Amino acid sequence: MSSEVRLQVRNISKNFGITKALKDVSFDVNKGEVHALIGENGSGKSTLTNMLTGIYSMETGKFILDGEEIHPVNQVDANNHGISIIVQELGTLSGLTVAENIFLGHEDRFIKHGFRNTIAMNAAANKLLEEYGFTHIKAASMVDDYNFEDRKLIEIVKATYFHPKIVVIDETTTALSQEGREELYKQMERIRNEGNTIIFISHDLSEILSKSDTVTILRDGVYIDTLKAKDLDQDKLKRLMVGREVTGDYYRSDYGEPISDDVVSTT
């Protein structure tokens, strides 16, 4: 794994009204690593990656990618800088074909004299689907013909076929079956082996520890620390995420507790 810095996050802040989602956050992300970004709900991790990928506008601070300051204004602009994202929700658009979804925002490569060469687009998409091993998915088919799992596979192709420098995976594994997860893990490993970078967001701490090289912790919009995954365990991660020792179950454990031994009659 390379220790050369790919992305510098510097003094990033973001407010939504009176809510301070991020407060002067700074850290580095290296080339050739899976860099996990963790924290409780509201910690700011998705807000930060949504700014990096052009979904949210930036306010203060900067992103420096391979030494160049960038300010993505939308996802296509982020793609052009070499940054893509796979989200938890459906990221494909209904009413379009598989090929149109894969090349969304980059259709110009198939346009000549003002006309789109649909045959060439479908051929290019089918070649990619074959390379990924997704041969049951056909480029010319409507994306609506496929189930959720297959549509996530299409998103994986869309987000990674152009060998981006950074791929953000935001809670994607939560929505996948084990088979889908394994396919995503395989692509994560390929991206890392190519010397590119994954920013990985997941609430599954065992998954974070087993699939990540480096972990950055955010709490209430504030940067806490960046550590090597090999130096962490789940208990330490929980302490860093919540800011105190966690005893018992991390999530709510009061479900099913008796409220009262008294029986109230409704008659």
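A residue counts as buried when its relative accessible area is under 20% and as exposed when that area is over 50%, with partly exposed in between. That yardstick will come up several times in this tour of a predicted model.

## The whole chain

Let us start with the overall picture. The protein has eight helices and 12 strands. Its C-alpha atoms fill a box of roughly 75 × 60 × 40 Å along the principal axes. Of its 267 residues, 46% count as buried. Among contacts between residues at least 6 apart in sequence, 64% join residues at least 24 apart.

## Two residues of helix α5

Helix α5 covers residues 148-160, and Thr160 belongs to it. Thr160 has a relative accessibility of 2%, so this residue counts as buried; the cut-off for that class is under 20%. A polar atom of the Thr160 side chain lies 2.6 Å from the backbone oxygen of Ile156. The Thr160 side chain also has a polar contact of 3.5 Å with the side chain of Arg190. Leaving out residues up to four places away in sequence, Thr160 touches Tyr132, Val167, Arg190 and Ile191.

Asp150 lies in helix α5 as well. Asp150 counts as buried because its relative accessibility is 13%. Which residues does Asp150 touch, not counting those up to four places away in sequence? They are His136 and Ile137. With His136 there is a polar contact between side chains, at 2.9 Å. From C-alpha to C-alpha, Asp150 and Leu129 are 11 Å apart in space, with their positions 21 residues apart in sequence.

## The nonpolar cores

As a general rule, nonpolar side chains in soluble globular proteins tend to be buried together. Here the largest nonpolar core has 45 residues, and Ile102, Phe103 and Val215 are those with the most contacts inside it. Helix α4 (residues 118-132) gives this core its largest share, six residues. Apart from this core lies another, of 24 residues, including Leu7, Val9, Val87 and Ile199.

Ile102 deserves a second look. Setting aside its neighbours within four places in sequence, Ile102 is in contact with Ala125, Leu128, Leu129, Ile154, Val157, Lys158 and Tyr161.

## The largest pocket

Now for the open space. The largest pocket holds about 340 Å³. It is lined by 18 residues, and the closest to its centre are Gln75, Asn79, Ile85, Gly91 and Lys158. Two or more lining residues come from each of α2 (75-81), β6 (83-86) and α5. What classes of residue make up the lining of the largest pocket? There are 10 nonpolar, six polar and two charged residues. Lys158 is thus a name to remember twice: it is among the residues closest to the pocket centre, and it is in contact with Ile102.

## Helix α8 and its ends

Helix α8 spans residues 234-242, and its buried residues are Leu237, Lys238, Leu240, Met241 and Val242. The elements that cover them include β3 (34-38), α7 (205-211), β11 (214-219) and β12 (222-228). At the N-terminal end of α8, Asp233 acts as a cap, with a side-chain oxygen 3.2 Å from the backbone nitrogen of Asp235. Just after the helix, Gly243 takes a positive phi of about 85°.

## Positive phi outside glycine

Most residues other than glycine have a negative phi. Asn11 is not a glycine, yet has a positive phi of about 55°, and Asp220 likewise has a positive phi of about 55° without being a glycine. Asn11 is found in strand β1 (residues 5-16), whereas Asp220 lies in the loop between β11 and β12.

How open are such positions to solvent? The table gives their relative accessibility, together with that of Glu189, which lies in helix α6 (residues 178-193).

| Residue | Relative accessibility | Class |
|---|---|---|
| Asn11 | 39% | partly exposed |
| Asp220 | 53% | exposed |
| Glu189 | 45% | partly exposed |

Glu189 also brings distant parts of the sequence into view: Glu189 and Glu33 are 156 residues apart in sequence and 9.1 Å apart in space, C-alpha to C-alpha.

Definitions and conventions
Residues are numbered from 1 along each chain as its sequence is written. This is a predicted model: local features need pLDDT of at least 70, side-chain atom pairs count only at pLDDT 80 or more; totals for chains, interfaces and linings use all residues. Side-chain values use heavy atoms; hydrogens and water are left out. Helices (H or I, at least four residues) and strands (E, at least two) are DSSP runs, numbered from the N terminus. Buried means under 20% relative accessible area, exposed over 50%, partly exposed in between (1.4 Å probe, protein chains only). A polar contact is a pair of N or O atoms within 3.5 Å; within protein, one must be able to donate a hydrogen and the other to accept it, and residues adjacent in sequence count only if both atoms are side-chain atoms. Contact means heavy atoms within 4.5 Å. On a 1 Å grid over the protein atoms alone, a cavity is a set of points where a 1.4 Å probe fits but cannot get out, and a pocket is an open set with protein on both sides within 12 Å along at least five of seven lines; lining residues have an atom within 4 Å of a point. Grid points are joined across faces, edges and corners, and a volume is the space filled by probe spheres set on the points. Ala, Val, Leu, Ile, Met, Phe, Trp, Tyr, Cys and Pro count as nonpolar, Asp, Glu, Lys and Arg as charged, and the others, Gly among them, as polar. A nonpolar core is a set of buried Ala, Val, Leu, Ile, Met, Phe, Trp, Tyr and Cys residues joined through side-chain atoms within 4.5 Å.
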